[in-house]
Amino acid sequence: MAAAVFDKLALIGAGLIGSSIARAAAETGAAAEISVWDRDPVVREAADELGLGQVTPDLQGAVTGADCVILCVPVGAIGAVTQAVADDLAPGAILTDVGSVKTVAASAMAEHAPGAIHVIPGHPIAGTEASGPAAGFASLFKGAWHILTPLASETEKPGHRDAVKTLTAFWERLGARVETMAAERHDRVLAITSHLPHLIAFNIVSTAYDMERIDEQEVVKYSAGGFRDFTRIAASDPTMWRDVFLTNKAAVLETLGRFSEDLAALQRAIRWDDGDMLYEAFSRARGIRQAIIDAGMDRSEVNFGRDQRPDADLNSPIDPNRDA
Ligand code: NAP
């Protein structure tokens with residue numbers, strides 16, 4: 001096995017992403033030693049049983065001596081956690097995160113981290129709707145993009161370019177494809193590709209639930225008509241998504257404005273029997289689905305490859321869908 005990228009990797013938060021990094025780093029030998037901290041004793045016990053690394057209740061101890069610390073907590077918690085570990089970070093260490101919104105996560109880390117630390121915000125474009133340490137798996141990042149949003153204020157620090165290269169090598173070892181971009185651009189792109197789809201899913205599920213004339217049983221019974229695919233996304237962690245919308249407010253509201261205008265245009269086309277407009281809009285959308293398949297970002301099988309025979313085993317494993 002190739003030499004470890006990091007001597008000691010500290011993972012703060014043993015949820016879906018933290019536990020997946022632990023598994024992938026152990027499997028690929030990307031870190032010689034892995035320490036894991038979680039605030040919840042029950043989660044720590046589970047992480048210990050799963051063999052995710054050296055699990056500890058001591059946050060400061062977890063980061064002491066680590067050459068890389070990855071914050072795997074909701075975006076709204078990144079500032080407080082950085083503040084709590086700031087005095088114990090080793091000079092020259094890399095401090096990164098996996099938060100789904102980058103401008104706020106980056107400034108929260110930069111504000112509290114000491115000068116001798118390399119702050120390199122990051123976001124894996126990979127995930128599922130599940131949470132917690134048992135939900136993670138080593139192959140989560142394979143073939144997925146990992147976006148780094150280095151800070152302009154850090155570039156003058158000696159060794160910063162090398163630190164970005166090292167962190168890139170780490171994520172590549174886990175199987176990811178690494179891209180670098182400005183945090184603001186990341187947040188605008190993710191607002192449309194991830195945040196808005198989640199908002200729509202949360203909304204459609206609660207609208208269906210609230211509609212008095214459809215009783216709940218019918219919603220569930222006929223969910224294969226499209227609704228169930230929204231319910232998968234809407235099952236995502238409420239804390240994580242609350243923080244995403246509160247911290248990417250401007251980009252989400254701008255995207256939502258555009259979306260509402262386009263939705264109103266479709267509404268108008270339906271009202272005025274404008275079949276040409278509807279056909280054109282749906283054809284364009286179909287083409288975008290094909291482009292995603294062609295880019296290798298989703299499976300090509302119809303209906304995500306679900307076995308649709310009446311006696312199909314619905315629990316048979318399929319590749320987890322990638323979110324973010
Ligand atoms: P998760 O499975 O729910 O795990 C969240 C972790 O954060 C848990 O360890 C939780 O602790 C901890 N946490 C929550 N609030 C905290 C606080 N105030 N202080 C300290 N720790 C706290 O969530 P996840 O999916 O791994 O998400 C973690 C990060 O990854 C988030 O920033 C999210 O935006 C990002 N992300 C998620 C996905 C995805 O698809 N899920 C994809 C890409 C990036 P407890 O054990 O006490 O709950």
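In the predicted model, Trp145, Ile288, Ile292 and Met297 form a nonpolar patch on the surface, with an area of about 340 Å². One of these residues, methionine 297, belongs to the segment that follows α12 (275-294). The relative accessible area of methionine 297 is 35%, so this residue is classed as partly exposed, the class that spans the range between the 20% and 50% limits.

Strand β4 (residues 68-71), by contrast, is covered on both of its faces. Cys68 and Ile70 are buried on one side, and Val69 and Leu71 are buried on the other. In a regular strand, side chains point alternately to the two faces of the sheet. Strand β4 is paired with strand β1 (residues 6-12) in parallel orientation through four bridges; valine 69 of β4 is the bridge partner of alanine 10. Four bridges also link β4 to strand β5 (residues 94-97), again in the parallel sense, and here leucine 71 has aspartate 97 of β5 as its bridge partner.

A buried acidic residue is found in the loop that connects β8 (145-148) with α6 (160-173), namely glutamate 154. Glutamate 154 has a relative accessibility of 6% and therefore counts as buried, the limit being under 20%. Its side chain takes part in two polar interactions: the backbone nitrogen of valine 119 is reached at 2.9 Å, and a polar contact of 2.9 Å is made with the side chain of lysine 157. When residues up to four places away in sequence are not counted, glutamate 154 touches Ile117, His118, Val119 and His160.

Definitions and conventions: Residues are numbered from 1 along each chain as its sequence is written. This is a predicted model: local features need pLDDT of at least 70, side-chain atom pairs count only at pLDDT 80 or more; totals for chains, interfaces and linings use all residues. Side-chain values use heavy atoms; hydrogens and water are left out. Helices (H or I, at least four residues) and strands (E, at least two) are DSSP runs, numbered from the N terminus. Buried means under 20% relative accessible area, exposed over 50%, partly exposed in between (1.4 Å probe, protein chains only). A polar contact is a pair of N or O atoms within 3.5 Å; within protein, one must be able to donate a hydrogen and the other to accept it, and residues adjacent in sequence count only if both atoms are side-chain atoms. Contact means heavy atoms within 4.5 Å. Patches are made of residues with over 30% relative accessible area and no salt bridge: like charges are joined within 9 Å, nonpolar side chains (Val, Leu, Ile, Met, Phe, Trp, Tyr) within 5 Å. Accessible areas come from the Shrake-Rupley method with a 1.4 Å probe; for residues, only the protein chains shown count as cover. A salt bridge is a side-chain nitrogen of Lys or Arg within 4 Å of a carboxyl oxygen of Asp or Glu. Two strands pair if DSSP finds at least two bridges between them.
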